[in-house]
Each structure stands twice: as C-alpha cells, then as structure tokens.
Amino acid sequence: MLKTTVAGIELEHPIFNAAGPLDATLEELTVLGESHAAAITMKSCTLEAREGNPEPRYQDIPHGSLNSMGLPNLGYKKYIAFAPLLKKYNKPIIASVSGLSLEDNLTIIQALNDAPVDLIEFNLSCPNVIGKPQMGYDPEQTDDVLGKIMHITKKPLGVKLPPYFDFVHFEQIAAILNRNNVRFVTCINAIGNALVIDPEKEQVIIRPKNGFGGLGGAYVKPTALANVRKFSELLNPTIDIVGVGGISSGTDVFEFILAGATAVQIGTTFMKEKHGCFERIEREFNELMAKKGYETIEDVKGNLKTL
Ligand code: DHB
C-alpha cells in the first residue's frame with residue numbers, strides 16, 4: 001500500500017479518476033466508489049444542469065481521445081446531494097467546479113462549504129463551452145477570481161490547469177497560485193482545440209465547434225509531465241501536484257511522481273478500459289515500486305534526475 005495525501009487529505013494509493021469521464025450520474029459515481037480508485041472525482045458542475053454539446057462529441061482515437069462534451073452535468077445541487085451517498089466508500093470525494101461566471105462559481109463554492117466533500121477542484125480550463133475562453137490562459141482574470149474564491153472557501157481548494165507551453169507562462173501562473181495559497185494544482189486538462197481528421201470520409205470526427213476538441217491520452221503525456229515538473233519547481237512546496245494526462249500504466253504513474261506529483265488521475269484510459277483500470281494500474285505501480293526497492297511515495301516524489 002502506497003498511501004499519499006493531496007492538500008492534507010489521505011489517499012490509500014495515488015490513483016483515481018480525472019474529472020470528466022463516467023462521473024456525471026449517481027450510477028457512474030457508485031461504480032467509482034466500488035472500484036479501486038483511491039478517490040471519487042465528480043463531473044465538473046455548473047449552476048444549472050446542462051445537456052452539453054451535440055453528438056458525436058467524444059471519439060476514441062489511436063493513442064488517445066478527442067472530446068467536446070460541453071459540460072453536460074446535473075447541476076451543482078445534485079452533486080452536493082450525491083456526496084453523502086458516496087461517503088460509505090470511505091474514500092475522498094472531490095467536487096469539480098466549472099461555473100460559467102464568477103457569480104455562479106461563488107454560489108457553488110459557498111454551497112460546498114457545508115457539503116461532505118473533501119476537496120474542491122476549481123476548473124480553470126474547460127476548452128469546450130462555445131464562446132467561453134479558458135480562464136487559465138488569462139492571468140489577470142485568474143488572479144482576480146482566485147482571490148475571491150479563496151476568500152470564501154472553507155475546503156481545501158485546488159485548481160485544474162490548462163497545459164502551458166512556454167516558461168514565461170508557467171512563471172506567471174505559478175506566481176498567482178502561490179500568492180493565492182491554492183492547496184493543490186491538477187495538471188493538465190486536455191490540450192484544447194485539437195483537430196482530428198478522418199481521411200476516408202474527408203471529415204472531422206466530432207460535431208461541436210466544426211471538429212475542434214480537447215485532446216487526451218498518450219498524445220499529451222509529455223506535455224503533462226512537463227507541466228507537473230515545471231510547477232513542482234515553481235510552486236510553494238506546500239502546494240501538492242496531481243498529475244493527469246496519458247496515464248495508462250504503473251510506469252506512467254511512476255514517471256508523474258518522479259516529476260513531482262503526489263497523486264495522479266486517469267481520464268482517457270478509464271473511458272476506454274472502464275473501472276478495472278484502477279486495479280490494474282495500481283498493481284503495476286506497486287510491482288514497479290517493489291522491484292525498484294522504494295517503500296513510499298516520498299522516496300520517489302520529485303527525484304527526477306537531469307543530465
Ligand atoms: C469539459 C471538458 C473539459 O476539458 C473540462 O475541463 C470541463 C468540461 C466538457 O466538455 O464537458
């Protein structure tokens with residue numbers, strides 16, 4: 001057993017589900033409760049329920065996935081009502097918040113203060129709501145909104161970040177996250193607005209936004225590792241990092257922990273393999289740690305060597 005913590009909340013092992021896939025209904029969340037996932041992350045919620053974008057809006061592709069779901073969710077009140085029903089699984093419950101305005105976010109975060117959720121992941125990086133840019137790419141707005149959110153929350157709150165690609169942008173965002181004392185960061189969200197083409201049909205593969213959507217899976221793993229590594233260099237050491245992006249094996253988990261993560265989330269692989277992936281990946285990770293002679297996550301965390 002390789003226990004870990006995120007923002008002071010204990011996990012039995014470091015592997016659980018990413019916000020998004022198969023986590024929007026009580027049935028799906030129950031499957032997660034019964035699975036080997038170390039925590040239950042619930043679908044990013046908005047103030048009101050949403051149908052999301054027109055289908056097809058998710059496609060498996062050879063080394064990952066493309067999605068433009070458009071935040072289909074039951075509305076935050078339902079997730080607050082689900083939380084006590086999921087307590088019996090004895091694992092942390094994570095609410096993902098993705099309101100469409102500052103007011104909506106404040107309303108949801110305030111309501112979560114009295115709900116039995118353990119962590120809040122505030123989503124700065126949904127690429128799929130038409131007409132809504134990803135807040136994580138606007139440092140001023142991020143700073144302003146985080147200041148207001150951190151002021152009212154009583155829960156350990158972290159942020160889900162979009163992928164960054166330039167060191168200057170990492171530095172700008174890290175300074176804002178440090179200043180606002182967020183408790184953890186989850187990186188990365190999908191690489192937004194990717195385009196996948198079916199050459200046979202000479203056509204895009206998803207309907208929303210004329211085919212543009214969030215890229216996940218193995219394609220994004222090197223970018224995700226780079227984000228985890230850079231933030232582990234730049235953030236206050238009290239801010240935990242949750243890695244996500246292209247994890248499909250115990251070796252992938254090991255790499256993210258070497259880069260500086262204390263825990264990891266599984267998105268595309270969960271979508272493709274369903275809940276059995278958590279047990280398999282945990283077993284592979286345990287075997288690799290034992291083979292290498294490491295006994296704790298701390299033995300590995302951040303110890304990436306350079307040349
Ligand atoms: C959706 C996609 C995301 O990457 C995200 O962070 C939130 C929502 C979606 O399309 O539903």
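In which loop, between which two strands, does Thr46 lie? Select Thr46 in this predicted model, and the view will centre on the loop that runs between strand E4 (40-41) and strand E5 (58-61). With a relative accessible area of 2%, Thr46 is buried, because the limit for that class is under 20%.

Next, add Asn73 to the selection: Thr46 and Asn73 are separated by 27 residues in sequence, yet their C-alpha atoms are 7.2 Å apart in space. Asn73 is also one of the residues in contact with Thr46 once neighbours within four places in sequence are left aside, and the others to display are Leu71, Gly75, Tyr76, Ser98, Gly99, Leu100 and Ile108.

Move now to strand E11, which covers residues 191-195, and select Leu195 within that strand. Leu195 has a relative accessibility of 41% and therefore counts as partly exposed, since that class lies between the 20% limit for buried and the 50% limit for exposed. Together with Ile197, Val204 and Phe212, Leu195 forms a nonpolar patch on the surface, and the accessible area of these residues together is about 330 Å².

The last stop is a pair of helices, H7 (residues 250-259) and H9 (residues 276-292), whose axes come within 7 Å and cross at roughly 65 degrees. As H7 passes H9, the crossing is right-handed. To see the contact itself, show the side of H7 made up of Gly250, Thr251, Val253, Phe254 and Ile257, and then the residues that H9 contributes, namely Ile281, Glu284, Phe285, Leu288, Met289 and Lys292.

Note on methods: Residues are numbered from 1 along each chain as its sequence is written. This is a predicted model: local features need pLDDT of at least 70, side-chain atom pairs count only at pLDDT 80 or more; totals for chains, interfaces and linings use all residues. Side-chain values use heavy atoms; hydrogens and water are left out. Patches are made of residues with over 30% relative accessible area and no salt bridge: like charges are joined within 9 Å, nonpolar side chains (Val, Leu, Ile, Met, Phe, Trp, Tyr) within 5 Å. Accessible areas come from the Shrake-Rupley method with a 1.4 Å probe; for residues, only the protein chains shown count as cover. A salt bridge is a side-chain nitrogen of Lys or Arg within 4 Å of a carboxyl oxygen of Asp or Glu. Helices (H or I, at least four residues) and strands (E, at least two) are DSSP runs, numbered from the N terminus. Buried means under 20% relative accessible area, exposed over 50%, partly exposed in between (1.4 Å probe, protein chains only). Axes are lines fitted to C-alpha atoms, for helices over the stretch in contact, and angles run from 0 to 180 degrees between N-to-C directions. A crossing is left-handed if the near helix is turned anticlockwise from the far one by less than a right angle, and right-handed if clockwise. Contact means heavy atoms within 4.5 Å.
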